[in-house]
Amino acid sequence: MTAARKIVSVGGGPGGLFSAILLKKADPAREITVYERNRADDTFGFGVVFSQETLENIESADPESLGRIAAEFRHWSAIDVDFLGTWERSDGHAFAALERKRLLAILGERAAELGVDVRYATPAPPLAELRRGHDLVIAADGVNSAIRTELAGAFGPSVDRRTAKYVWFATTRPFDCFTFQFVETPHGLFWAHIYPYDGERSTFIVETDSETWRRAGLDRFAEVPRKPGENDERSMRFCEEIFADLLDGHPLIGNNSGWLSFGVVRNERWTAGNVALVGDAAHTAHFSIGSGTKLALEDAIGLASAVDREPTVEAALKAYQDDRKPLVESLQRSAQTSLEWFEGARRYRHLAPERFTFQLLTRSQRVTYDNLKLRDAAYVGRVDAWLADRTRELGLHVEPGTPPMFHPYRLRGLELPNRIVVSPMAQYSATGGVPDDWHLVHLGARAQGGAGLVMTEMICTSPDARITPGCPGLWTDEQRDAWARVVRFVHDRTDAKIGAQLGHSGRKGSTKVMWEGIDEPLESGSWEILGPSPIRYRPDSQVPREATAEDLDRVVADFVANARRADEAGFDLLELHFAHGYLVSSFLSPLSNRRTDDYGGSLENRARLGLRILDAVREVWPADKPISVRISATDWVDDGFDGDDAVALAPMLAAHGADIVDVSTGQTSVDAKPAYGRLYQTPFADRIRQETGVPTITVGAVSSVEDANTIIASGRADLCAIARPHLVDPYWTMNAALDQDYRGHPFPKQYRSGLSARRRAQTP
């Protein structure tokens, strides 16, 4: 147990009170004080909601507190969605809520019983005084934390102020479960997040995008000064009117209610000396995925546990941050995805209610098709039936009960047996640009493994277009014939289709193979590299030569010659690699393109080279064969190519003959700060698909069967490109069929005895 004998919490919210409870319970000899500037019966907000996981955490830490809280819970299991008048229910979830004021009262009473000195209506002394007089200072002073501001240099805080507008109310209508209602108004789309918190009242949060908010004139209401505790009465009346049918005569109730913009609080560090941030002072997560109260209570559990098990305060605070921060950051990523879904809710306005509801339920990407099926098989059965009808409307055959990832898909004259793509993965194993037995086995095995489409790595269009000396090409007939051998195997021995990805390395060329040093320049045998401007990719990279008009003519001609050979080799699909900082990507990004001619400046100019290549290739590529274009939908750098640019680019590509856009991100700048995480690139594919109608492939951190089924059922993308999981399991798709007991997927006849044995082993 640490030397933390004298402890103070600045803030008597859930995080501060529960920290005090747990620390005092563990060692009654500790002297613990809580300063709360508000009175005991003052509070803002209405209800707080908990998941089953949070309740279990509270029970483990202090069963007595949970028992008292649980006695006042309002429980429910369903989520209702009303999308423009169409209702759907998903059941089998587990939630509990109570009034925030009661929660604080229970925690305050419990703390006082244990001997914590809780001082309501009492501002905390200056921080310097608290730090000198206490072993541990808990900064639980909320989203506008004064302690965080005072120690900003140590904590490294940031606040991401979001664009959507929301206002927090309650209502006397006692809803029976989580309810989302979306209503169309003359101004645009509004929606309500609703949940019950006792037998008579429900929390009622109204949200809309900022443009709709202004069109409705709500900005004028928000400008009227209000005294503390006063409500924006005109906005409250407006919301009562647009949700009148749902409220069914019940009023909205305010509590200092006015329009807000959500601020996502993050801190690089949660501790500074003997000070620890908890709750909203440390982080916030959008209300659409969970409550700040939940996070604050779990912070308290983590902090108390670390203090009790570590020998010093310094070690305890390090352990607290190391344990809790990654968990919170993961939840914040999911909350950010959910938040951004609601910010862009109007892009889903065109969807059928069945798809809209499934999109909503899976918006955070934490809840999946498989989760929902486990909780409510009947609901997912309705989704499956709707999806099968849509597939059949396209003239494609699908059996009832087919998992979404195994629905067929058509692009021009190409029909894929399922929605799984083996993503292009560089092998660096060609000699003189010629693929060999490695490529035959690598691609052949993955085609045998059941994916609908197998993609080659980037095939470089000329010797000086290579990334490394080990990259393959299609600039010679010898290379074409070697590729044709691979294609013949895929066609003759599997049900998969195979695509060729063509690209030019640009300023990222003339580097070592991956296992010798990725992106490191060659020490010998290098070649001149080309770029839109003479700007290095890395400080140690070659400076590319700025491409001339003649250079660009040759680049286009090389793509055309390679495309012809790809067709001669028998490839089913062609993908043009306009991503990851390679030549066309570097023209698209303003970070690497500083030209002042027709190929620089505006997006239309920066896209000119790519569109020239696409036009020229489409002209020679057979009309019944599709073309995909891979893009980096964001540079992940301020003032670089971003999601808005990607949405503008996709229709340009479609107008010039692209059939589908393969949506990746980044790898364009060493200054990039990607928001890595599970499915972190899928929202970009989703946005392009919804806002432009252009079909998309999603790629990047898609690794599970649940991910694939969810993406396809929700319509976030049309195909799922899966990379690294295929490196360790060439039979990923086949195993996915087995795991789901899906019997419509073909298996190589040579392996059927293994299939029979596995099924016998699974039979009870």
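Mentor: Two strands pair if DSSP finds at least two bridges between them. Keep that in mind as we look at this predicted model.

Trainee: Thanks! In which order do the eight strands close into a barrel?

Mentor: Strands of a sheet can pair in a parallel or an antiparallel way. In this barrel the pairing is parallel. Neighbouring strands of the sheet are turned by 25 degrees against each other on average, direction ignored. The order of the eight strands is 21-22-23-26-27-28-29-30.

Trainee: Which residue of strand 30 is the bridge partner of Val 421?

Mentor: Strand 21 covers residues 420-422 and strand 30 covers residues 719-722. The two pair in the parallel sense over three bridges. In strand 30, the partner of Val 421 is Ala 721.

Trainee: Helix 18 packs on the sheet, so to speak, but what angle does its direction make with that of strand 23?

Mentor: Helix 18 (residues 477-493) touches strand 22 and strand 23. Its direction and that of strand 23 make an angle of about 150 degrees.

Trainee: Is Pro 326 buried, partly exposed or exposed?

Mentor: Pro 326 sits in helix 13, residues 313-343. Buried means under 20% relative accessible area and exposed means over 50%. Because its relative accessibility is 43%, Pro 326 counts as partly exposed.

Trainee: What span should helix 4 have at 1.5 Å a residue?

Mentor: Helix 4 runs over residues 100-114, which is 15 residues. The expected span is 1.5 Å times one less than the number of residues. The end C-alpha atoms are 21 Å apart, and this agrees with the expected 21 Å.

Terms used. Residues are numbered from 1 along each chain as its sequence is written. This is a predicted model: local features need pLDDT of at least 70, side-chain atom pairs count only at pLDDT 80 or more; totals for chains, interfaces and linings use all residues. Side-chain values use heavy atoms; hydrogens and water are left out. Helices (H or I, at least four residues) and strands (E, at least two) are DSSP runs, numbered from the N terminus. Axes are lines fitted to C-alpha atoms, for helices over the stretch in contact, and angles run from 0 to 180 degrees between N-to-C directions. Contact means heavy atoms within 4.5 Å. Buried means under 20% relative accessible area, exposed over 50%, partly exposed in between (1.4 Å probe, protein chains only).
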